[in-house]
Amino acid sequence: MRTIRIAPSLLSANFGRLAQAAKEAEEAGAEYLHFDVMDGRFVPNITMGPAALQALRPVSSAFFDVHLMIVEPERYLEDFRRAGADGITVHVEACTHLQRTLAHIRSLGAKAGVALNPATPPEVLEYVLEDLDLVLVMTVNPGFGGQEFLPTMLPKIEQVHQLVTHVAHPIAIEVDGGIDVHTAPQTVARGANVLVAGTAIYHHPEGVSAGVRALRRSVEGLR
Ligand SMILES: O=C(CO)[C@@H](O)[C@H](O)COP(=O)(O)O
């Protein structure tokens, strides 16, 4: 039976009470906490840096899943690892030397991830599969929360699943963008096993806990 992990995206939380938002997600059973790091260059938005992780590390034992939407991500790997990152994901479109960057992440003792923008084909992963622990299939164009899920990404999730099943070590498939109780089951059916959700969790009308539970229930039969 596959394990499906939930990764609430703090981007949709109230930045004035991030610690509370992190605790609520963990208490609701979310295994991951997703940090969207944006630099105003790779994407048109600016969010948080290592200081946010450092502040939250003492209040959460969840897996800190850091999604770097920044140019030259290799310059900041140590900083994020030191601040408490358990996994660091870089965009293939932002890396000149992708294999070197992934090896660097692992050398720091963190899990190494690669994110693919919607227009990027999965074939770019072919020669770095041995260096990877996670593939993040963006199901919206990165930059903002609250966007609509792109159904054209469903066949890509399936393609990534086919690529990673032949690798000897486990590689997680994470999906991010417009993930809710309707879209999550479609992605899990194609092989996704880590669900990033901002709006569906932090803007759930009945609260964070209800948001996490609803998402988990939506994929239960599919494990
Ligand atoms: O990386 C990103 C956006 O670039 C995501 O993590 C979003 O923050 C997810 O938000 P929702 O689409 O779930 O509202």
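The paragraphs below lead through the chain as a whole, then three of its helices, two loop residues and the surroundings of the ligand.

The structure is a predicted model. Its chain has 223 residues, and its radius of gyration is 16 Å, which agrees with the value near 17 Å for a compact globule of that length. Along the principal axes, the C-alpha trace spans about 45 × 40 × 30 Å. Eight helices and eight strands make up the secondary structure. Of the 223 residues, 45% count as buried. Among the contacts in the chain with a separation of 6 or more, 64% join residues 24 or more positions apart.

Helix α1 covers residues 18–27, and its buried residues are Ala-21, Ala-22, Glu-24 and Ala-25. Viewed down the axis of α1, these residues lie within an arc of 165 degrees, so they line one face of the helix. Exposed residues Ala-19 and Glu-27 are found on the face of α1 turned away from the buried side. The cover over the buried residues of α1 includes two strands, β1 (5–8) and β2 (32–38), together with the helices α2 (50–56), α7 (199–202) and α8 (208–219). After α1 comes Gly-29, with a positive phi near 105 degrees.

Helix α4, residues 98–107, can be read in the same order. Its buried residues are Leu-98, Thr-101, Leu-102, His-104 and Ile-105. Down the axis of α4 they fall within an arc of 155 degrees, so the buried residues line one face of this helix. Arg-100 and Ser-107 are exposed on the other side of α4. Helix α3 and the strands β4 (87–91) and β5 (111–116) are among the elements that cover the buried residues of α4. Gly-109 follows α4, and its phi is positive, near 90 degrees.

The third helix to consider is α5, which runs over residues 154–165. Its twelve residues reach 17 Å from the first C-alpha to the last, close to the 16 Å expected at 1.5 Å a residue. Lys-156, Ile-157, Val-160 and Val-164 are buried in α5. Because these buried residues fall within an arc of 100 degrees when seen down the axis of α5, they line one face of the helix. Pro-155, Gln-162 and Thr-165 are exposed on the other side of α5. The packing partners of the buried residues of α5 are β6 (134–138), β7 (172–176) and α6.

Val-164 allows a closer view of α5, the helix in which it lies. Why does Val-164 count as buried? It has 20 C-beta neighbours inside 10 Å, and a residue is classed as buried if 20 or more other C-beta atoms lie within that distance of its own. Apart from neighbours within four places in sequence, Val-164 is in contact with Leu-129, Val-135, Ile-171 and Ile-173. Ala-214 is 50 residues from Val-164 in sequence, and their C-alpha atoms are 28 Å apart in space.

Gly-191 is found in the loop between α6 (183–189) and β8. With 19 other C-beta atoms within 10 Å, Gly-191 is partly exposed. When residues up to four places away in sequence are left out, Gly-191 touches Ile-157, Glu-158, Val-160, His-161 and Ile-173. Its C-alpha atom is separated by 9.2 Å from that of Glu-174, which is 17 residues away along the chain.

Another loop, between β3 (63–69) and α3 (77–83), contains Glu-72. This residue is not a glycine, yet its phi is positive, near 45 degrees. Glu-72 is partly exposed, with 15 other C-beta atoms within 10 Å.

The ligand remains to be described. Around it stand 22 residues, of which the closest are Leu-11, Pro-142, Gly-145, Gly-198 and Thr-199. At least two residues of this shell come from each of β2, β8 (194–197) and α7. Sorted by class, the shell holds eight nonpolar, twelve polar and two charged residues. Two of these elements have appeared above: β2 and α7 are also among those that cover the buried residues of α1.

Key: Residues are numbered from 1 along each chain as its sequence is written. This is a predicted model: local features need pLDDT of at least 70, side-chain atom pairs count only at pLDDT 80 or more; totals for chains, interfaces and linings use all residues. A residue is buried if 20 or more other C-beta atoms lie within 10 Å of its own, exposed if 12 or fewer, and partly exposed in between; C-beta atoms are placed from the backbone. Helices (H or I, at least four residues) and strands (E, at least two) are DSSP runs, numbered from the N terminus. The arc is that of the directions from the helix axis to the C-beta atoms. Two residues are in contact if their C-beta atoms, placed from the backbone, lie within 7 Å. A residue is near a molecule or strand if its C-beta atom, placed from the backbone, lies within 6 Å of it. Ala, Val, Leu, Ile, Met, Phe, Trp, Tyr, Cys and Pro count as nonpolar, Asp, Glu, Lys and Arg as charged, and the others, Gly among them, as polar. The radius of gyration is taken over C-alpha atoms; the globule rule is 2.2 Å times the number of residues to the power 0.38. The expected span of a helix is 1.5 Å times one less than its number of residues.
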